[in-house]
Amino acid sequence: MATPTMNASALAALEICPAEVREYLLAAMSGEELTFEQGLKLATADGATLKALLAVADKMRRDTVGDTITYVVNRNINFTNVCFVGCSFCGFGRGPGADDAYSLSFDEMVHRAREAWDRGATEVCIQGGLPRDLDGFFYRDLLRTIKRAIPGMHVHAFSPMEIDYGVLKTGMPLRDYLQMMKDEGLGSIPGTAAEILDDRVRRELSPNKLPVARWVEIISAAHELGIPTTSTMMYGHVEEPADCVRHILLLRSIQKRTGGFTEFVPLGFIHENTRLFRHGGARPGATRDEHLRMHALSRVLLHGAIRNVQVSWVKLGFETSLVCLQSGANDFGGTLMEESISKAAGATFGEYASPEQFREMIRTIGRTPAERSTTYKIRRSFDQAEDFVKTSPQQLRIARTPGHVAYTEGSY
């Protein structure tokens, strides 16, 4: 097999890794789809093998999307933390009587969306807990309210779990419900509530979470109706490498059939304030090498299917995010302006990064920053360096949640 064109450091990394792994990586660069067994070998890479994986993933990223690192100017709105599901990995959900339970009014959410729009945001990402007394058409009415107030805003909203809840509450067929939401202006769906797409693991993480087949059904129906979605995977808890490989290959098979995933986002488990960790059921998140390996593995296994691999800077921090962006990833995610879910679980990396900060960091690794839309259309490319004056971002009104919510036994 001919060796694809590579820089000297990548070639050196390949030459010192085991011959079997070198064969897999060369096959991937040549456009071959790797098998589960080959992926599993890469999912346990360390030492010289890991260096080769990272180098090849970076080359495949360059060949696929070039040297631009994209980001989107957006705002997260987590409209309530009241939730009955009781996921053991979540530090965000609260019972309705908890002292720190909150639910935002439609007026407040419109205010936050308009505030974001006025500051240059093109997207609001809306998700929340699942209260037992939620009205069946709450999601539709919230969507309708925001789109009527700010027609140009892209609404990226409602995970498959929330879609399933809306279907349950309204009694509508899934496709009819999704079509209604699309007609009311739903632009795309976060591919969250995926965690690990293996029912055995999901029962351990959250017995009340929708099963794998239903997650796939909802995502596939959305794609078939022209509603794009992201895709995610949470790692660093109770999963094994084989679970991650199967998860990624399942996403690859869905994408080959529907073409509806805009990106893949590996999500490192934030452990500090979660029941899963406090009760000894999980390890304390992923190591730095695991973060790098997971982003590189994603690029290699999804090559030819999902073009964009995004870092979650809230979970990784900026330093590790930048290294992942040199190991197969190509997207920095969103400015967020407000982020409650990772913060409640114990994330310590902030809840807002300005576009100027993104661009400054991107240039430190010799890449070109560009602002994108939710669906990866380039809005502006910043080829030239800018004078960046570090200032404190204007304070935004944040939902009533402490910076580090203490774990509360029986909060569900």
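## Group meeting: a walk through the predicted model

Okay, let's start with a residue you can click on right away: Glu37, which you'll find in helix α3, residues 36–43. Keep in mind that what we're looking at is a predicted model. So, is Glu37 buried or exposed? Its relative accessible area is 57%, and because the cut-off for exposed is over 50%, Glu37 counts as exposed. Now look at who sits across from it in space. The C-alpha atoms of Glu37 and Ala242 are separated by 8.9 Å, although their positions lie 205 residues apart along the chain, counting from one to the other.

That kind of long jump along the sequence brings me to the whole chain. We have 412 residues, and 62% of them are buried. The chain holds 17 helices and 10 strands. If you take the contacts with a separation of 6 or more, 77% of them come from residues 24 or more positions apart.

Let's go to the sheet next. In what order do the strands of the open sheet run? There are 4 strands, the order is β2-β3-β4-β5, and the pairing is parallel. At the edges you have β2, residues 74–78, and β5, residues 186–188; each has a single partner strand, so one side of each has no neighbour in the sheet. Going from one strand to the next, the twist averages 40 degrees.

Now we can go through the pairs. β2 and β3 are parallel and share 5 bridges, and if you want a landmark there, Asn78 stands opposite Gln127 in β3. Then β3 and β4 pair, parallel again, over 4 bridges; the landmark here is Val124, which faces Val155 in β4. Finally, β4, residues 154–157, pairs with β5 in the parallel sense over 2 bridges, and there His156 stands opposite Ser188 in β5.

Something packs on that sheet, too. Helix α5, residues 106–118, touches β2 and β3, and its direction makes about 165 degrees with that of β2.

Let me stay on β3 for a second. How many of the residues of β3 are buried? The count is 5 of 5. Both faces are covered: Glu123, Cys125 and Gln127 are buried on one side, and Val124 and Ile126 are buried on the other. So when you colour by residue type, note that Glu123 and Gln127 are in that buried set.

On to helix packing, and I've got two pairs to show. Take α4 and α13 to begin with. α4 covers residues 47–65, and α13 covers residues 288–301; they pack at an angle of about 45 degrees, with their axes 9 Å apart. That angle makes α4 and α13 oblique to each other, and their crossing is left-handed. From α4, the residues in the contact include Leu50, Leu53, Leu54 and Ala57, and they meet a set in α13 that includes Leu292, Ala296, Leu297 and Val300. By class, the contact of α4 with α13 has 10 nonpolar, 1 polar and 4 charged residues.

While we're on α4, have a look at Asp58, which lies in that helix. With a relative accessible area of 13%, Asp58 is buried. What does Asp58 touch, leaving out residues up to four places away in sequence? The list is Leu325, Gln326, Ser327, Gly328 and Arg367.

The other pair is α10, residues 212–224, with α11, residues 241–258. Their axes come within 10 Å and cross at roughly 25 degrees, so α10 and α11 are roughly parallel to each other. Here α10 passes α11 in a right-handed crossing. On the α10 side you'll see Val212, Trp215, Val216, Ile219, Ser220, His223 and Glu224, and they meet Leu250, Leu251, Ile254, Arg257 and Thr258 in α11. That contact divides into 7 nonpolar, 3 polar and 2 charged residues.

One last stop, just ahead of α11. Val238 lies in the loop between β6, residues 229–235, and α11. Is Val238 buried or exposed? Its relative accessibility is 17%, so Val238 counts as buried. And its C-alpha atom is 8.2 Å from that of Leu205, with the two residues 33 apart along the chain.

That's my tour, thanks.

Terms used. Residues numbered from 1 in each chain as written. Predicted model: local features only at pLDDT ≥ 70, side-chain atom pairs only at ≥ 80, totals over all residues. Heavy atoms only, no water. Axes fitted to C-alpha atoms, helices over the stretch in contact; angles between N-to-C directions. Parallel < 35°, antiparallel > 145°, perpendicular 65-115°, else oblique. Left-handed = near helix turned anticlockwise from the far one by under 90°. Contact = heavy atoms within 4.5 Å. Nonpolar A, V, L, I, M, F, W, Y, C, P; charged D, E, K, R; others polar. Buried < 20%, exposed > 50% of the residue type's maximum accessible area, 1.4 Å probe, protein only. Pairing = 2+ DSSP bridges.
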